[in-house]
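Welcome! Please take a moment with the sequence and the 3D view, and then let us walk through them together.

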Amino acid sequence: MEQTTHYRRPRRSNVEQNRTTQGYWLGVLLIVFILLFDLFGLLSPDRSFSDNENRNLAQTPAFSADALLDGSYFAAWEDYIADQFFARDFWITLRLKCATLFGQKESNGVYLCKDHYLIQVPTEPDWSNVDGTLAAVNDFTLRHNELNVNMMIVPNAVSILSDKLPANAPGRDQSADLKYISSRLEGVTFLDPTSALRKHAGEPLYYRTDHHWTSLAASYAFSATAKAMGIGKVSQGYDVYTVSNSFEGTLASKSGDHSVRDVIEIYVPKSEIEYRVTYEDSQEKICSLYQRDCLYEKDQYTVFFGGNHPKISVETTADCGRTLLLFKDSYANCYVQFLYPYYDEIVIIDPRYYYDNIEAVIAREGVTDVLFLYNSDTFLSDTSLKDVLTVE
């Protein structure tokens, strides 16, 4: 009888068994980690505001049939999940460290530049909205042809500090943008500080960690444009005080790069003019442009007026017969320290938060001069100025 040979399956080696066991436990640990991460996310209360990024965070979206059908409901959920992600600030920093290891020069809309500068990637404007804003400015100027109307649009660091950008970094030609804005204005004196800033490009004109310009840059812009605004003799000098050397701005938080700190300076004109500041939203009255308590908060740039407010009045003892109406974004917050000696009153309006009748303000305050002061990026993207200027 023929003998049948049986083959046994070879036993797995200890190495293979260990690999299987390790893979099993790694899988279990990964599942546990994901479950714990989701649990912490569910238990953590939603944040309404990010101190690091200085912005409001997305909240749970409200459901509606229209939002579901047009897709905005799901888009809102994506924003909510991204903003409320557990330990979000930690992951932003970790992502930056990983990205820089591979030579990445941009993080979350921020260029990682030479000399530790963080420069905001400029946004592409919606020119139909820009044209609408400029048309509203022209209509306003036509209605008030008795007023001395000026506009200053300040170029951002991406334009003035272009030599610090990473090689081949794409960026807008803001000089061309400013020329376009100027060409569309009627009856408005356009103040372009670009050349004055570029002459001093080697100096700290912009914060390294924040999108704002510095008081030094604002002083150069004021000196270059004061005459065109109708300001005669400019103050002979300033007392300059360093109020912080630990400022870390919004671009540091947005990018995750926390490698440097900035210096904040205030400029006090050598003038005998006194003044009083009134905040309309709180009715607080103080004799200072500066809120020093803000130096102990995350966004130390708010030392200038405590940040943005719908309406602020600065009454002075100048007794020159001129009242300035200033429409602005936050770039103007550090600019007013150069303006106040030359007006009896400066009425400061931030259109992003102001909803009252601007015509009544002009009549009540006896306005003689108007200044629109924005940084280029904000002016090209904001639509609130048009709403404030438009008379229905």
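Two strands count as paired if DSSP finds at least two bridges between them. Helices (H or I, at least four residues) and strands (E, at least two) are DSSP runs, numbered from the N terminus. This is a predicted model, in which local features need pLDDT of at least 70 and side-chain atom pairs count only at pLDDT 80 or more, while totals for chains, interfaces and linings use all residues. Residues are numbered from 1 along each chain as its sequence is written, and side-chain values use heavy atoms, with hydrogens and water left out.

Let us begin with a sheet of 8 strands. This open sheet has mixed pairing, and its order is 7-6-15-13-14-12-10-11. At its edges lie strand 7 (189–191) and strand 11 (284–286), each pairing on one side only. Neighbouring strands here are turned against each other by 20 degrees on average, direction ignored. For such angles, axes are lines fitted to C-alpha atoms, for helices over the stretch in contact, and angles run from 0 to 180 degrees between N-to-C directions.

Now look at strand 14 (residues 345–349). Strand 13 (residues 323–328) runs parallel to strand 14 and is joined to it by 5 bridges. Within this pair, Leu-324 stands opposite Ile-346, and Leu-326 stands opposite Ile-348. Strand 12 also pairs with strand 14, in the antiparallel sense and over 5 bridges; here Ser-313 faces Val-347 as its opposite residue.

Is strand 14 mostly covered or uncovered? It is mostly covered, as 5 of its 5 residues are buried, where buried means under 20% relative accessible area, exposed over 50%, and partly exposed in between (1.4 Å probe, protein chains only). In a regular strand the side chains alternate between the two faces of the sheet. In strand 14, Glu-345, Val-347 and Ile-349 point one way, and Ile-346 and Ile-348 point the other way.

Just before this strand comes a residue worth finding. Tyr-342 sits in the loop between helix 11 (336–339) and strand 14. Its relative accessibility is 12%, so Tyr-342 counts as buried. Leaving aside residues up to four places away in sequence, Tyr-342 touches Phe-222, Ile-231, Lys-233, Val-234, Ser-235, Cys-320 and Arg-322, a contact meaning heavy atoms within 4.5 Å. Tyr-342 and Val-234 are 108 residues apart in sequence, yet 8.5 Å apart in space, C-alpha to C-alpha.

Next, the helices. Helix 5 (residues 127–143) lies across strand 6 (148–154), strand 13 and strand 15 (369–375), and runs at about 170 degrees to strand 15. Helix 12 (residues 358–365) packs on the sheet too, touching strand 12 (311–316), strand 13 and strand 14.

Helix 5 also packs with helix 7 (residues 174–184), at an angle of about 40 degrees and with the axes 10 Å apart. That makes helix 5 oblique to helix 7, because angles under 35 degrees count as roughly parallel, over 145 as roughly antiparallel, 65 to 115 as roughly perpendicular and the rest as oblique. Helix 5 contributes Trp-127, Asp-131, Leu-134 and Asn-138 to this contact, and helix 7 contributes Asp-177, Tyr-180, Ile-181 and Arg-184.

Finally, turn to an open sheet of 3 strands, in the order 3-4-5, with antiparallel pairing. Strand 3 (106–107) and strand 5 (118–120) each have a single partner strand, so one side of each is left without a neighbour in the sheet. Between strand 3 and strand 4 (residues 110–112) there are 2 bridges, and Glu-106 has Tyr-111 in strand 4 as its bridge partner.
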